[in-house]
Amino acid sequence: MSYLYHTCLLLSTLSGNQQCTESEILHRYEFQEVHMGVQWRIVLYATDKPIANNASQIAFRRVKELNKVLSDYDPNSELNQLCQLSGPGKPVKVSPDLFQVLKRSQALSRETAGAFDVTISPVVRLWRRARRRKELPDSERLQAARDLVGYELMRLSEQNQTVELLKPGMRLDLGGIAKGYAADVAIRVLQEQGIDRVMIDASGDLSLGAPPPGSCGWKIGISSTDAPDAKIDRYLMLRDCAVATSGDAFQHVVINGTRYSHIVNPHTGLGLNDHSRVTVIAPDGITADSLASAISVLGPEKGIALLSQKPGTACLILRHEQDQLKSYESPCFSCFEASQTAP
C-alpha cells in the first residue's frame, strides 16, 4: 500500500561477522534508497563488500524499473499509460510485471467480493484531496467516482496479455499490492546474485529470505498496542516469507469529529473510520501486502476466515471499538512467535 503503519515493526538481526556452515565468513551489510515514494532498506549477508554493493545496486535498479511500471503517481508510468489508452473495446497489451500484478489483484478481488479493488483510484484521489483540505469530498463528485469502480470492469486476457477497462475514465491504484510485488522481485534478484540471507524492508513491508548465519530466522518485533511510541512486547521469528502492516496511524483525517483513514472501502467510497492496524504474515510479499489491505476493509471476522483458506498465512488485528482497543489474531499467528530468549 502507498502508506503503511510501520513504526511498531522493528528488525533485530545478528550483528558482526558470523561463521556459516559452508566455512565461509559472511559479513552483514545494509543499504538504503528511496523508491516508490518511501524508504527501502536491504540487509544482506555476503562474503565481501564489492559483492554486496553490486547485488544491492542491481536489486534497487529493478525496484526503480518496477516503479515506472506500477506507479499511479508518475503520469508516464505504464499503469497510467494503460488507463489513458484503454477503454471499452480497446484492450492494451501490457508488460509481464503489470499483468502479473493485475492478475493477482483480480483474483483477490473475487475472493473478497470486492473488498480489495485496484479500480478504486478515482475515489482514492478524491480522498487524498479531502485529507489535504480537511473537508469531505463533494457528494456528486464522489458518486461519479464510485461509478467508475468495480473489479469486474477490468477485463484481463491471459492469452493475449491485455487489459481492457470497460468504462471511460477508469483509473487504477496498485498502492495496496505494488510494494509487496517489488520486494518479492528484489529478493529473487539477490538470490540470482548468490545472496539468499537477505531482508528487504519497504517502509514496513518486510520480505525475508534465508535467515542470518547462526539464526533460525529474522527476529521481528511488534507491539500489542497501536500507539506511535508503543513498546515492542512480542517477537516473531520468520524466514522465507513476508510480513506487511496496514493501518492509519499517520494517514488519516478528522472531519466534523469523524476520523477517516486513507484506506477506502470500495463498497462505500468512504475512508475507513474504525482506526485499525492489520499485520499479515504470508509466503510472499505480494500476498502479505494485498491481504493486509483487504483485511482492513473486511474486518476481523471475515478477514480471519479468509486466512483460514490460505496456508502459511496469519494475522494480528488491532482495532478501536467503543473507545477500547481490541486485539484479534488468527489461530496460527502464535506459531510464528519467537521465545523471548531467541537471539
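In which sense, left-handed or right-handed, does helix 1 pass helix 3 in its crossing? Before turning to that pair of helices, it helps to know that what you see is a predicted model, and that its secondary structure comes to eight helices and 17 strands.

The chain as a whole can be described first. It has 343 residues, of which 57% count as buried, and it exposes about 15200 Å², with carbon and sulfur atoms supplying 48% of that area. If we take the contacts in the chain whose separation is 6 or more, 63% of them are made by residues 24 or more positions apart.

We can now return to the opening question. Helix 1 covers residues 49-70 and helix 3 covers residues 96-111, and their axes come within 10 Å of each other while crossing at roughly 65°. Angles from 65 to 115 degrees count as roughly perpendicular, and helix 1 and helix 3 are therefore described as roughly perpendicular to each other. The crossing in which helix 1 passes helix 3 is right-handed. Where the two helices meet, R62, L66, V69 and L70 come from helix 1, while D97, L98 and V101 come from helix 3. Sorted by class, this contact of helix 1 with helix 3 has five nonpolar and two charged residues, and no polar ones.

From the helices we move to single residues in the strands, beginning with T162, which is found in strand 7, a strand that spans residues 162-165. Because its relative accessibility is 13%, T162 counts as buried, the cut-off for this being under 20%. When its neighbours within four places in sequence are left aside, T162 is in contact with P91, V92, K93, F99, R155, L156 and S157.

A second strand residue is W218, which lies in strand 10, made of residues 218-222. W218 has a relative accessible area of 0%, so it is buried. Along the chain W218 and Y235 are 17 residues apart, and their C-alpha atoms are separated by 9.9 Å.

Is a residue in a loop, such as D274, buried or exposed? D274 has its place in the loop between strand 14 (258-261) and strand 15 (276-282), and because its relative accessibility is 15%, D274 counts as buried. Leaving aside the neighbours within four places in sequence, the contacts of D274 are with S296, R319 and H320. The C-alpha atoms of D274 and Q322 are separated by 9.7 Å, although these two residues are 48 residues apart along the chain.

Definitions and conventions: Residues numbered from 1 in each chain as written. Predicted model: local features only at pLDDT ≥ 70, side-chain atom pairs only at ≥ 80, totals over all residues. Heavy atoms only, no water. Helix = DSSP H or I, 4+ residues; strand = E, 2+ residues; numbered from the N terminus. Buried < 20%, exposed > 50% of the residue type's maximum accessible area, 1.4 Å probe, protein only. Contact = heavy atoms within 4.5 Å. Areas by Shrake-Rupley, 256 points an atom, 1.4 Å probe, with all protein chains shown as cover. Axes fitted to C-alpha atoms, helices over the stretch in contact; angles between N-to-C directions. Parallel < 35°, antiparallel > 145°, perpendicular 65-115°, else oblique. Left-handed = near helix turned anticlockwise from the far one by under 90°. Nonpolar A, V, L, I, M, F, W, Y, C, P; charged D, E, K, R; others polar.
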